[in-house]
Amino acid sequence: MSYRVHIRVMPRDGLLDPQGQAVEHALSELAFEGVGQVRVGRAIEVDVAAGSPAEAEETTRQMCERLLANPVTEDFLIAVEDG
Amino acid sequence: MTRAAVIRFPGSNCDVDALRAMERAGCDAYFVWHRDEDLQGADVVLLPGGFSYGDYLRSGAIARFSPVMRAVQRHAADGGPLLGICNGFQILCEAGLLPGALLPNAGLTFVARTVTVHVDNVDTPFTAAYARGEVLSLPVAHGEGRYVADETTLQRLHDRGQVVLRYADHDNPNGSVAGIAGICSEAGNVVGIMPHPERAADQAIGDDPGHRFFTSLATWRAERPLVST
């Protein structure tokens, strides 16, 4: 069965995120009040054939470790879509 | 004659400059396509600048899976001299041949100008013809050149003298930590730099402060027996 897996790759906390800062500044310019820290990452969708959601998640985790996220600078979150 | 392989990825655009620079340094230089797995007896390998695979995902992230990279990995593991320039440096980091990573410039803009750099390590096959502390003006042209590494890695780089090039204090174009513009592997044979010496290696187009990156190999080899004993 095929599972749609959503992956969120984010710059690691503590690393300068100039893109997030630029967006934060732009939101302030638009007069949105109460905007705190903004960080910009990347969203990836992968359809994975697997026997169970857990298996799909494990396969995706390996994809993240080997390619989709940079282990030096990024963290990732994985969510497997229901049914 | 020294055989120099210049690897071409889809999107490489400094490959011809790199080839010419090696030729001017007296090497028999030739291109190797990224699908090839044979380096054809290369003594030295260059990963040139450009935008391999359109910089998709992250700069250098896809290129490191090219078939030729297996041969490049073996060449490096055997102690073979390997230089990555700009995108080539990004590929070396993604491939784990050099520690750390290169992130978007702190100023978010693509920076294309001449910068002042210090040569901190002259015990590499690409800097042996320079004097320690020598100051050079070299062009940079990149959007993702901000070098980062964790504290432990940075400490190790400094302790072992693996910082090869450093931007002058007033001239860090991208926010690199500790002004790092280039590093080498622990063994010293793998070097990655963001500046483009191949664009400043011919008197015909101005000055040639980058020329000695390509002539250093002979000096380095001559010095090796002394270093290893």
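Mentor: Two strands pair if DSSP finds at least two bridges between them. Strands themselves are DSSP runs (E) of at least two residues, helices are runs (H or I) of at least four, and both are numbered from the N terminus.

Trainee: What are the ground rules for this model?

Mentor: It is a predicted model, in which local features need pLDDT of at least 70, side-chain atom pairs count only at pLDDT 80 or more, and totals for chains, interfaces and linings use all residues. Residues are numbered from 1 along each chain as its sequence is written, while chains are lettered from A and ligands numbered from 1 in the order in which they are written.

Trainee: Why are strand E6 and E7 of chain B called a pair?

Mentor: E6(B), residues 111-119, and E7(B) are joined by 8 bridges. The definition asks for at least two, so they pair. The sense is antiparallel. One bridge puts Val115(B) opposite Leu138(B) in E7(B).

Trainee: What makes E7(B) an edge strand?

Mentor: First, the sheet. It is open and has 9 strands, in the order E2-E1-E3-E4-E11-E10-E9-E6-E7 of chain B, with mixed pairing. E7(B), residues 135-142, pairs on one side only, and E2(B) does likewise. Neighbouring strands are turned against each other by 25 degrees on average, direction ignored.

Trainee: In which sense do E1(B) and E2(B) run?

Mentor: Parallel, with 6 bridges between E1(B), residues 3-8, and E2(B), residues 28-33. Val6(B) has Phe31(B) as its bridge partner in E2(B).

Trainee: What makes the unit of E1(B), helix H1 and E2(B) right-handed or left-handed?

Mentor: The direction of the path decides. With the strands pointing away from the viewer, a crossover is right-handed if the path from the first strand over the helix to the second runs clockwise. E1(B), H1(B) (residues 15-24) and E2(B) make a right-handed β-α-β unit.

Trainee: Why is Val117(B) called buried?

Mentor: Burial needs 20 or more other C-beta atoms within 10 Å of the residue's own; 12 or fewer is exposed, in between is partly exposed, and C-beta atoms are placed from the backbone. Val117(B) has 27 such neighbours, so it counts as buried. Val117(B) lies in E6(B). Beyond four places in sequence, its contacts (C-beta atoms within 7 Å) include Leu136(B), Leu138(B), Tyr167(B) and Pro195(B). Pro195(B) is 78 residues away along the chain, with 8.8 Å between the C-alpha atoms.

Trainee: How do you know whether Ile193(B) is buried or exposed?

Mentor: Ile193(B) has 28 C-beta neighbours inside 10 Å, so it is buried. It sits in E11(B), residues 190-193. Its contacts outside four places in sequence are Ile85(B), Phe89(B), Val164(B), Leu165(B), Ala181(B) and Gly182(B).

Trainee: What makes a group of residues a nonpolar core?

Mentor: The members are buried Ala, Val, Leu, Ile, Met, Phe, Trp, Tyr and Cys residues, joined through C-beta atoms within 7 Å. The largest core has 76 residues. Ala4(B), Val6(B) and Met22(B) are among those that touch the most other members. Helix H2(B), residues 68-77, gives the most, with 5 residues. A second, separate core has 8 residues, including Val5(A) and Phe76(A).

Trainee: How do you know that E1(A) pairs with both E2(A) and E3(A)?

Mentor: The order in this open sheet of 3 strands is E2-E1-E3, with antiparallel pairing. E2(A), residues 42-49, and E3(A), residues 74-80, are the edges. E1(A), residues 2-11, has 8 bridges to E2(A). It has 7 bridges to E3(A). Each count meets the minimum of two, so both are pairs. Arg8(A) bridges to Ala43(A) in E2(A), and Pro11(A) to Glu74(A) in E3(A).

Trainee: At what angle does helix H2 of chain A run to E3(A)?

Mentor: About 160 degrees; H2(A), residues 53-68, lies across E1, E2 and E3 of chain A. Axes are lines fitted to C-alpha atoms, for helices over the stretch in contact, and angles between N-to-C directions run from 0 to 180 degrees.

Trainee: Which class leads on the side of chain B that touches chain A?

Mentor: 11 residues of chain B contact 9 of chain A. The chain B side has 8 nonpolar, 2 polar and 1 charged residues. Here Ala, Val, Leu, Ile, Met, Phe, Trp, Tyr, Cys and Pro are nonpolar, Asp, Glu, Lys and Arg are charged, and the others, Gly among them, are polar.

Note on methods. Two residues are in contact if their C-beta atoms, placed from the backbone, lie within 7 Å.
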